Amino acid sequence: MAQHTRETFNRLANTYKMDVDEASHYNALYERPAMLAQLPNQIHQMSVLDAGCAAGWYSEQLSKRGADVTGIDVSPDMIKVAKARCGAHASFECCDLQEPLPFADSSFDLIVSSLTLHYIEDWGQVFQEFNRVLKKGGTFLYSVHHPFMDFTKFSGDSYFQTQPLTDTWTKPTITIDVDFYRRPMQDIVNDTNQIFYLEEMIEPQPVAKMNDVNERAYDYLMTHPHFLIIKASSKK
């Protein structure tokens, strides 16, 4: 699916450039505040890998906090947008997470991966590579679709199977089918804990501001999990 995902997000790059900051309330007022709340209090001079950096929103935020940020993404067009956004404040490379990463062992203090891993079917090699490039005691923080949301929103034969799904995204300038994988909660937890120490699992709720700008979404997210956040650390 890597090639298909690359093509999909190449087509979405301009939309991410123009609309990803505030237009998506699920990002701006739900996932991002919850992810940022899990970052270490002090990341100044920490080496951070933004794995699946897309248009570079997290890379920019992390670099503003003084981190030495490297962003990677499977989409070369997303990398172009991220470079334009961050300039010299972060470095970027086009990489497929399903391939060996072009970094030395123990290169990073922190790996952040926002809403990326559900585009990958097999997490085993990905997590092994993340653990390899993460320093001893380093933190791995990621968000994915919540399996409850995907199972209730899309038809499926069994909750317990990892299943390919397709969602149709309607953005201001494009409507596009996006493919991804749904997996059960136990696989998310066990796949993580096999390689890392699982420290915390967060089922976030939106910040209060969402009630002012999108009351319907706020009410839904206060009662239905949509994304899942996992915080883990290296076992080395």
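**Figure 1. Pairing of strand 1 with strand 2 in the predicted model.** Val48 has Val69 of strand 2 as its bridge partner. Strand 1 (residues 47-51) and strand 2 (residues 68-73) run parallel and are joined over 5 bridges; two strands are taken to pair if DSSP finds at least two bridges between them. Helices (H or I, at least four residues) and strands (E, at least two) are DSSP runs, numbered from the N terminus. The structure is a predicted model, in which local features need pLDDT of at least 70 and side-chain atom pairs count only at pLDDT 80 or more, whereas totals for chains, interfaces and linings use all residues. Residues are numbered from 1 along each chain as its sequence is written, and side-chain values use heavy atoms, with hydrogens and water left out.

**Figure 2. The open sheet and helix 4.** The sheet is open, with 7 strands in the order 3-2-1-4-5-9-8 and mixed pairing. Strand 3 (90-94) and strand 8 (196-202) occupy the edges; each has a single partner strand, so one side of each lacks a neighbour in the sheet. On average, neighbouring strands of this sheet are turned by 20 degrees against each other, direction ignored. Helix 4 (residues 76-86) packs on the sheet and touches strand 2 and strand 3, contact meaning heavy atoms within 4.5 Å. The direction of helix 4 makes about 170 degrees with that of strand 3. Axes are lines fitted to C-alpha atoms, for helices over the stretch in contact, and angles run from 0 to 180 degrees between N-to-C directions.

**Figure 3. Helix 5 and the strands that it crosses.** Helix 5 (residues 124-133) lies across strand 1, strand 4 (108-114), strand 5 (134-145), strand 8 and strand 9 (227-234). Relative to strand 5, helix 5 runs at about 145 degrees. Its buried residues are Val126, Phe127, Glu129, Phe130, Asn131 and Val133; buried means under 20% relative accessible area, exposed over 50%, and partly exposed in between (1.4 Å probe, protein chains only). The cover over these residues of helix 5 includes strand 1, strand 4, strand 5, helix 7 (185-195), strand 8 and strand 9. Together, strand 4, helix 5 and strand 5 form a right-handed β-α-β unit. A crossover is right-handed if, with the strands pointing away from the viewer, the path from the first strand over the helix to the second runs clockwise.

**Figure 4. Strand 5 between its two partners.** Of the 12 residues of strand 5, 9 are buried, so this strand is largely enclosed by the rest of the structure. Strand 4 runs parallel to strand 5 and is joined to it by 6 bridges. Ser114 stands opposite Ser143 in strand 5. Strand 9 runs antiparallel to strand 5, with 7 bridges between them. In strand 9, Ile230 is the bridge partner of Tyr142.

**Figure 5. Salt bridge between helix 3 and helix 4.** Side chains of opposite charge can pair when their charged atoms come close. A salt bridge is counted when a side-chain nitrogen of Lys or Arg lies within 4 Å of a carboxyl oxygen of Asp or Glu, and the whole structure holds 6 of them. One is formed by Arg85 and Glu60, whose closest N and O atoms are 2.8 Å apart. This pair links distant parts of the chain, with Arg85 in helix 4 and Glu60 in helix 3 (residues 57-64), 25 residues apart. Arg85 is partly exposed at 23% relative accessible area, whereas Glu60 is buried at 17%.

**Figure 6. Salt bridges of Arg132 and Lys135.** Asp105 and Arg132 meet through their side chains in a salt bridge (2.8 Å, N to O). Asp105 lies in the loop between strand 3 and strand 4 and Arg132 in helix 5, 27 residues apart. Asp105 is exposed at 52% relative accessibility, while Arg132 is partly exposed at 23%. A further salt bridge joins the side chains of Asp109 and Lys135 (3.4 Å, N to O). Asp109 belongs to strand 4 and Lys135 to strand 5, so the pair ties together parts 26 residues apart in sequence. Lys135 is partly exposed, with a relative accessible area of 30%. Salt bridges with shared partners join Asp105, Glu129 and Arg132 into one network.

**Figure 7. Cys94 and Cys95.** The structure contains 0 disulfides, a disulfide being a pair of cysteine sulfur atoms within 2.5 Å. For Cys94, the nearest cysteine sulfur is that of Cys95, 6.8 Å away, which is too far for a bond. Cys94 is partly exposed, with a relative accessible area of 44%, whereas Cys95 is buried, at 10%.
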